[in-house]
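This report describes one protein together with the molecule bound to it. Please look at the sequence and the structure before reading on.

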Amino acid sequence: MDNETVFYRELPKVELHAHLNGSVSSQTIEKLIGRKPHLNIEHSMTAIGKGQLRTLDECFEVFKVIHKLVDTEEDILMVATDVIKEFAADGVKYLELRSTPREEKDTGLTKRSYIETVINAIQQCKSEGVDIDVRFLVAIDRRNGTEVAMETVKLAEDFMLSSDGLVVGLDLSGDPTVGHGKDLLPALQRAKNSGLKLSLHLSEVPSQLEETDLLLNLPPDRIGHGTFLHPAVGGSQSLVDKVVKNNIPLELCLTSNVKGSTVARYSDHHFKYWYQLGHPSVICTDDKGVFCTDLSQEYHLAASTFGLSRADMWKLSQQAIDCIFAPEAVKQQLKQKWNDLHPQVFK
Ligand code: IMP
Ligand code: ZN
């Protein structure tokens, strides 16, 4: 491993935007394929390799294949524990995983048992002493509409109260070209009122000014992507002003956006715009398995693309602590951890 690679691996990091089924590594996919050979799924169908580009539609097809491979409690337990341990091995000290609870009639999986299983995986890793604090965001898939969104919020509320602080919020994701945010507003409003934190995928594709404006009025606690918020790419100054005024952090995923073809080149990535504004921006992976990356590679990529120093990258990872959904006491613990690790990382 070269010097730079070691630095970015050792840099303590916070991962705030990771979809469980998009984060499944090739090793875990192999194990799943071994469990279900009759599906005839090949590895090339679940990951987008180096230099490959896809349309966003094609990316969503990949998730369908992975969902076929992950359809029992046993699968979810394995996937979640593997993903958590992989993030820990990559130097992630605090992770917010998100996932859309699914029901599978054939295997008896219910949305409730889906969430319980993810929580079990988190607890199992903790009891094994894996050095990472993991929290969970329950995801709403926007394509499923009003009623499912409300049902998901109610489930998330139950788990927020019964999971010992592990369920901290709600995510809105799914194919951004399907459905409209206005149909989901009552559910999101309810979630917010009940104390769930909100991370919403916003302006992931162009021409969603009206929807973005509506959802920004909630306001959300964090924004996923926000690729088309700023005026230069067809967004607007008033959207930017709302984000800035409410100090809503952005979760930015470079490889995901380039491989999913919503950003043409790394150097065009909107990280640059928000970083120059001094706005809280957190580097994340989105789907480390599907996009064949990890968080240390994303930090390295941001540094090399935008000419940032190791000290700048340390500051970025440290500032991400203020954007987490876990309570203040956890932020303090993490800040202490960063202080303790500093000499070792810059040795
Ligand atoms: P899961 O929720 O754990 O099953 O993770 C996969 C799901 O995450 C997909 O089916 C989408 O709903 C969502 N997802 C993953 N990546 C993206 C993205 O870049 N944009 C929007 N939704 C996404
Ligand atoms: Zn995402």
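## The shell around the ligand

Which helix and which strand each supply at least two residues of the shell around ligand 1? In this predicted model, they are helix 3, covering residues 56–69, and strand 2, covering residues 92–99. Helix 3 gives the most to the shell, with 3 residues.

In total, 17 residues surround ligand 1. The closest of them are His67, Ser99, Thr100, Glu204 and Asp287. When the residues of this shell are sorted by character, 3 are nonpolar, 9 are polar and 5 are charged.

## Polar contacts and cover

Where do polar atoms of the protein meet ligand 1? Three contacts may be described in turn. A polar side-chain atom of Glu204 lies 2.7 Å from a nitrogen atom of ligand 1. Glu204 is also one of the closest residues named above. A polar side-chain atom of Asn21 is found 2.8 Å from an oxygen atom of the ligand. In the case of Gly174, the backbone provides the contact: one of its N or O atoms lies 3.0 Å from a nitrogen atom of ligand 1.

On its own, ligand 1 has 490 Å² of accessible area, and the protein covers 98% of that area. The site occupied by ligand 1 is the largest pocket.

## The overall fold

The protein contains 14 helices and 8 strands. Its radius of gyration is 19 Å, close to the 20 Å that the globule rule gives for 347 residues, so the protein is as compact as a globular protein of that length. Measured out along the principal axes, the C-alpha trace spans about 50 × 45 × 40 Å.

## Two backbone details in loops

Two loops that border helix 8 contain backbone features worth locating in the structure. The loop between strand 5 (197–202) and helix 8 holds Ser207. This residue has a positive phi of about 65°, although it is not a glycine.

The loop between helix 8 (209–216) and strand 6 (222–225) holds Pro219. Leu218 and Pro219 are joined by a cis peptide bond, for which omega is about -20°.

Notes
Residues are numbered from 1 along each chain as its sequence is written. Chains are lettered from A and ligands numbered from 1 in the order in which they are written. This is a predicted model: local features need pLDDT of at least 70, side-chain atom pairs count only at pLDDT 80 or more; totals for chains, interfaces and linings use all residues. Side-chain values use heavy atoms; hydrogens and water are left out. A residue is near a molecule or strand if one of its heavy atoms lies within 4 Å of it. A polar contact is a pair of N or O atoms within 3.5 Å; within protein, one must be able to donate a hydrogen and the other to accept it, and residues adjacent in sequence count only if both atoms are side-chain atoms. Accessible areas come from the Shrake-Rupley method with a 1.4 Å probe; for residues, only the protein chains shown count as cover. On a 1 Å grid over the protein atoms alone, a cavity is a set of points where a 1.4 Å probe fits but cannot get out, and a pocket is an open set with protein on both sides within 12 Å along at least five of seven lines; lining residues have an atom within 4 Å of a point. A molecule sits in a cavity or pocket if more than half of its atoms lie within 2 Å of its grid points. Helices (H or I, at least four residues) and strands (E, at least two) are DSSP runs, numbered from the N terminus. Ala, Val, Leu, Ile, Met, Phe, Trp, Tyr, Cys and Pro count as nonpolar, Asp, Glu, Lys and Arg as charged, and the others, Gly among them, as polar. The radius of gyration is taken over C-alpha atoms; the globule rule is 2.2 Å times the number of residues to the power 0.38.
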